[in-house]
Amino acid sequence: LIVNTVVGNQIDIYGILLDSYTASLATIFKMNPVSPSVEDITILAPNFQGALAIRFNVAKDFTINNVTATGAGSTSIGLRNCTDFSVSSSYSIEVRDDVPSTSSTEYGMALIGCQRGLIDGNTLAGERHSFTTGSGGNDFINNRIGIPVREIKITGNHLVNDSRSKFHSAAIGTLQNFDLHGNSEYIVATGNTIDNGAVIAGNHIKFNDNFITGSNDNGNNLIRGTELQGLDIEIVGNTLTATEPHTPDSDDRIFILLPFEYSNETPPSSRRGLQHGGTVVVRNNKMRCTYDNLANFSIPIEFRLRKDISFTGGECHLIVEDNEIALPENGNTYSNAIRLATSEGFTTTPTPWDSVTSRDNKFINCGAWRTALGDDTLQYSTKEFVVINDTIDAKGQADSAYRIENAEDILIVEDVKIKGCQKQPLFLTCDALAVKDTTTLTKVLSIK
């Protein structure tokens with residue numbers, strides 16, 4: 001946005017807005033940015049809580065290139081309220097070998113209220129998160145989400161897990177290495193190698209072609225959704241590998257848990273439910289568990305739909321297609337690979353997905369889907385469930401390929417290949433009928 005005129009307390013601006021704003025809740029900042037650049041240096045920062053190796057505040061049109069930042073007790077590279085920048089070919093080594101870190105806020109790189117940036121080809125390490133975004137506190141007080149972190153491209157980076165984090169407190173050792181917060185939007189993360197998982201938050205997120213491993217006890221959600229504002233989310237072309245056994249009974253959701261934590265408090269707390277609808281696309285991902293002692297009845301993927309009390313509307317759709325999901329062939333029984341859940345336990349009336357589509361997926365050593373019954377006020381988790389051309393080879397490690405309980409309006413299952421289930425391939429308890437004309441009836445069951 002560009003300021004056109006200022007008359008008294010009235011500011012006339014022009015440009016394209018990326019969202020709508022309520023005037024009484026909006027805050028306008030006038031900034032006078034500087035344009036520094038840092039290249040080809042090594043920085044050894046003091047190791048005490050709050051120390052940063054590099055910190056830029058209100059900067060614009062700058063580069064950080066080929067910088068090694070090490071030893072900081074807080075953040076190696078910290079950018080706050082910066083725009084139009086790039087950080088490339090740099091290294092952040094968060095904890096010095098000779099001085100153990102003592103705080104819970106160590107980051108390799110932190111972007112606070114930054115917009116239009118490129119993070120490319122860096123190696124980042126941090127005890128809490130190697131990469132994080134935020135707004136600098138009070139993200140959601142009185143329905144405000146602070147200054148958005150917007151239009152950031154994160155490409156070709158290696159987010160290294162610091163092995164010492166697993167000896168830290170539980171709050172630190174169980175966190176993912178890539179971390180977004182709810183004020184993030186129009187973020188593209190592609191081609192990164194991420195140790196120890198990723199958190200997706202905000203809205204308008206593309207998380208594509210990344211290599212993610214679970215090499216630490218992070219509750220082992222390799223992709224976790226928190227503080228999601230909307231469902232314009234792409235998770236495409238990623239390779240997810242769970243590489244080590246974890247805490248007993250924590251094997252559920254080892255690959256994806258999305259969305260995750262929300263709050264219906266008034267005023268809202270730092271964790272909010274969905275504000276907007278949209279379509280979640282999970283496509284062409286390869287997910288594998290490489291350790292043998294994955295627990296019985298594990299559910300490696302779960303999608304929950306939870307709306308905030310201030311949900312603004314819009315339909316909610318989920319498309320899961322062309323993925324390969326493989327669990328270990330160890331003789332255990334798994335409760336299907338994907339669970340569809342509702343927002344049970346929250347104060348608002350739970351609502352279902354408008355549609356869920358499963359197409360061209362391969363399920364190896366496990367079943368496919370289970371739609372879970374939700375809160376007592378909602379006995380179905382999706383209005384429409386469509387399954388086309390999935391392939392299931394359970395190898396005796398699942399009771400059923402599909403356990404679908406009460407898809408409300410339409411259930412269509414076509415060209416599905418199933419073998420190796422212990423009991424019934426299709427377990428259906430849907431109040432639906434087989435009919436020819438699907439355009440005039442509200443309840444449809446079609447199995448081919």
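Q: Before we get to strand β30, what does buried mean here?
A: Buried means a relative accessible area under 20%, and please keep in mind that this is a predicted model.

Q: OK, so how many residues of β30 are buried?
A: In strand β30, which covers residues 355-359, four of the five residues are buried, leaving the strand mostly covered.

Q: Which strands does β30 pair with?
A: Strand β27 (residues 316-321) runs parallel to β30 and is joined to it by five bridges, while strand β33 (residues 384-388) pairs with β30, also in the parallel sense, over four bridges.

Q: And which residues stand opposite each other there?
A: On the β27 side, I319 has T357 of β30 as its bridge partner, and towards β33, V356 stands opposite F385.

Q: Switching to charges, how many salt bridges are there?
A: The structure holds nine salt bridges, and one of them joins E321 to R283, with the closest N and O atoms 2.6 Å apart. That pair links distant parts of the chain, since E321 lies in strand β27 and R283 in strand β24 (residues 278-283), 38 residues apart.

Q: Are those two buried or exposed?
A: E321 is buried, with a relative accessible area of 13%, whereas R283 is partly exposed at 31%. Both residues also belong to a network of salt bridges that includes R359.

Q: What about E302, which partners does E302 have?
A: E302 forms a salt bridge with R304, where the closest N and O atoms are 2.4 Å apart, and a salt bridge with R339 at 3.3 Å, N to O. The R339 pair links distant parts of the chain, with R339 in strand β29 (residues 338-341) and E302 in strand β26 (residues 301-304), 37 residues apart. E302 itself is buried, with a relative accessible area of 1%, and R304 is buried as well, at 15%.

Q: New topic: where does N157 sit?
A: N157 is placed in the loop between β13 (149-155) and β14 (158-161), and N157 counts as buried because its relative accessible area is 2%.

Q: What does the N157 side chain reach?
A: The side chain of N157 reaches the backbone nitrogen of G121 at 3.2 Å and the backbone oxygen of T155 at 3.0 Å. Leaving aside residues up to four places away in sequence, N157 touches I119, D120, G121, N122, G191, N192 and T193.

Q: Last one, which residues make the nonpolar surface patch?
A: V3, V6, I11, I13 and I28 make a nonpolar surface patch of about 470 Å², and β1 (2-7) and β2 (10-14) each supply at least two of its residues.

Technical notes:
Residues are numbered from 1 along each chain as its sequence is written. This is a predicted model: local features need pLDDT of at least 70, side-chain atom pairs count only at pLDDT 80 or more; totals for chains, interfaces and linings use all residues. Side-chain values use heavy atoms; hydrogens and water are left out. Patches are made of residues with over 30% relative accessible area and no salt bridge: like charges are joined within 9 Å, nonpolar side chains (Val, Leu, Ile, Met, Phe, Trp, Tyr) within 5 Å. Accessible areas come from the Shrake-Rupley method with a 1.4 Å probe; for residues, only the protein chains shown count as cover. A salt bridge is a side-chain nitrogen of Lys or Arg within 4 Å of a carboxyl oxygen of Asp or Glu. Buried means under 20% relative accessible area, exposed over 50%, partly exposed in between (1.4 Å probe, protein chains only). A polar contact is a pair of N or O atoms within 3.5 Å; within protein, one must be able to donate a hydrogen and the other to accept it, and residues adjacent in sequence count only if both atoms are side-chain atoms. Contact means heavy atoms within 4.5 Å. Two strands pair if DSSP finds at least two bridges between them.
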